[in-house]
Amino acid sequence: MCLFVKKARRRLSCLLNKRVIILSSICISILILLGILLMGESLLSKPIAYKCCTPTNNNHTRTNVYFLKTHKTGGTSVQSVIIRFAIMNSLDIMIFNFKSYYLPISNSSLYPPIIPPNYKFHVFASHARYDSNMKLFQYPDTSMVTILRHPATLFRSLYTFFRMDISSGMTFQEFLNAPVKPAVVTGFDNDIAYKGYNQMSVDLGFDLENSKNQTAITEFIMKIDREFDLVMIMEYMDESCVLLANLMGWPLEYVASLKLNGRLPGADTYPLTKQDELTLMDLNHVDTQLYNYFHEKFLRCKRQYGEDNLNRQVEKLQIINENFQERCVAEEVIRLNKGSLERIEYVAKNKSDKYGMCLFDTGVSCISKNGS
């Protein structure tokens, strides 16, 4: 009987010890979790140091920049700024065969006459489909830049510019009102380029086969966030250009520009209702998530830079742009683009001025110090 009691006591003691250990482990885990949450809240409450958003006072001018030009986001003006800088400083510009537009960049897709001996280029500023292979042709300190636009207005512009009314058999208004939308408005054109839903995400390398995979969408957005130093927002173009100058250590004069490939005021024949916007955002749901993420990040950048300071820089840039147009533009010419829409083009007073600041014709984008 005594032996039985002793065994029972030992078992009870062991059981109590296990419960104590388990309860202790749970308490410790809860405390650790609370600590992590509190620390995370503390970190999130601190300003995040984006290098493109912190005002710089040094005179260090960066020369290596990769600008991925996404479709219908106002990128032509930014492209002109970067190409002009490259020409002014005799930098190598990466040019590739347009037929390789949506294929990974390789030695065979580049034009041999303009490949530098080390296979490294200072500048890229063109349409392309982004892939990490492009880094093989860039210097390690290259600044990565791209630009986004609200997905609803982007799709409207895309639909009109690329005459999607022909491929879909619907005017844009009919398309908006159609209960069933075409699966793809236009597909790959001779394996050269895709024009359709989620255009910005496709340009940035997203595989549309994953458009229903939320994990893949999130991973894609985080990849772009890691790899790009500045994601400009078209709706804040002047602020974006100030942040670009800040990132590159350039004076504001370097980002002076004119609006290129822009439609005439009043040319928008498809005003969007709120419901239209929601419909287009839903159809372009990957672009919507991409845009919303970087739009919020851009607003944080503005706050970190200092909105009063940013507004002062924007005012300076607007004056510089006005002077730029007065000094450089001989006349404005109205032309029809491929979408049969009128747009403004410019005739320069002198394309070979001393400082190269009047180079805004994007036809110069095929020039490199190693060839043309």
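1. A residue is called exposed when its relative accessible area is over 50%, and buried when that area is under 20%. Lys259 counts as exposed because its relative accessibility is 57%. This residue lies in the loop between helix H8 (237–248) and helix H9 (274–283). Lys259 and Ser80 are 179 residues apart in sequence, yet their C-alpha atoms are 10.0 Å apart in space. The model discussed in this note is a predicted one.

2. Overall composition. The protein chain contains 11 helices and six strands. Of its 372 residues, 46% are buried. Among contacts between residues at least 6 apart in sequence, 73% join residues at least 24 apart. The accessible surface of the chain is about 20000 Å², and carbon and sulfur atoms account for 57% of that surface.

3. Strand S1. Where do the side chains of S1 lie, on covered or uncovered faces? Both faces are covered: Val65, Phe67 and Lys69 are on one side, Tyr66 and Leu68 are on the other, and all of these residues are buried. In a regular strand the side chains alternate between the two faces of the sheet. The count for the strand as a whole is five buried residues of five.

4. Partners of S1. Which strands are joined to S1 by bridges? Strand S2 (123–127) is joined to S1 by five bridges, and the two run parallel. In this pairing Tyr66 stands opposite Phe124 in S2. Strand S3 (residues 143–148) is joined to S1 by four bridges, again in a parallel arrangement. Here Phe67 stands opposite Val145 in S3.

5. Strand S4. S3 is also joined to S4 by four bridges, and these two strands run parallel. Ile147 stands opposite Met232 in S4. From S4 (residues 230–233), Leu230 and Met232 point one way while Val231 and Ile233 point the other way, and all four are buried.

6. The cavity. How many cavities of 30 Å³ or more does the structure hold? There is one, and the largest cavity has a volume of about 40 Å³. The residues lining the largest cavity are Val65, Tyr66, Met94, Phe121, His122, Val123, Phe124, Phe137, Gln138 and Thr142. S1 and S2 each supply at least two residues of this lining. By class, the lining has seven nonpolar residues, three polar residues and no charged residues. Tyr66 and Phe124, both named in this lining, are also the residues that stand opposite each other in the pairing of S1 with S2.

7. Helix H3 and the residue after it. H3 (151–161) is mostly covered, with 11 of its 11 residues buried. The buried residues include Pro151, Arg156, Tyr159 and Phe161. H3 is followed by Arg163, whose phi is positive, near 50°. Arg163 lies in the loop between H3 and helix H4 (164–168). Is Arg163 buried, partly exposed or exposed? Arg163 is partly exposed, because its relative accessible area is 28%.

8. A second positive phi. Lys72 has a phi near 55°, a positive value in a residue other than glycine. The residue is found in the loop between S1 (65–69) and helix H2 (75–88). Lys72 counts as buried because its relative accessible area is 18%, and the cut-off for that class is under 20%.

9. Pro271 in the loop between H8 and H9. Pro271 has its place in this loop, as does Lys259. Pro271 is exposed, because its relative accessible area is 59%. Leaving aside residues up to four places away in sequence, Pro271 touches Arg156 and Asp276. Arg156 is one of the buried residues of H3. Pro271 and Gln173 are 98 residues apart in sequence and 9.6 Å apart in space, C-alpha to C-alpha.

10. Gln313 in helix H11. What does Gln313 touch beyond the residues up to four places away in sequence? The residues touched are Val242, Leu252 and Tyr305. Gln313 is placed in helix H11 (residues 307–328). With a relative accessibility of 16%, Gln313 therefore counts as buried.

Technical notes:
Residues numbered from 1 in each chain as written. Predicted model: local features only at pLDDT ≥ 70, side-chain atom pairs only at ≥ 80, totals over all residues. Heavy atoms only, no water. Buried < 20%, exposed > 50% of the residue type's maximum accessible area, 1.4 Å probe, protein only. Contact = heavy atoms within 4.5 Å. Areas by Shrake-Rupley, 256 points an atom, 1.4 Å probe, with all protein chains shown as cover. Pairing = 2+ DSSP bridges. 1 Å grid on protein atoms, 1.4 Å probe; cavity = no way out; pocket = protein on both sides within 12 Å on 5 of 7 lines; lining within 4 Å. Points joined across faces, edges and corners; volume = space filled by probe spheres on them. Nonpolar A, V, L, I, M, F, W, Y, C, P; charged D, E, K, R; others polar.
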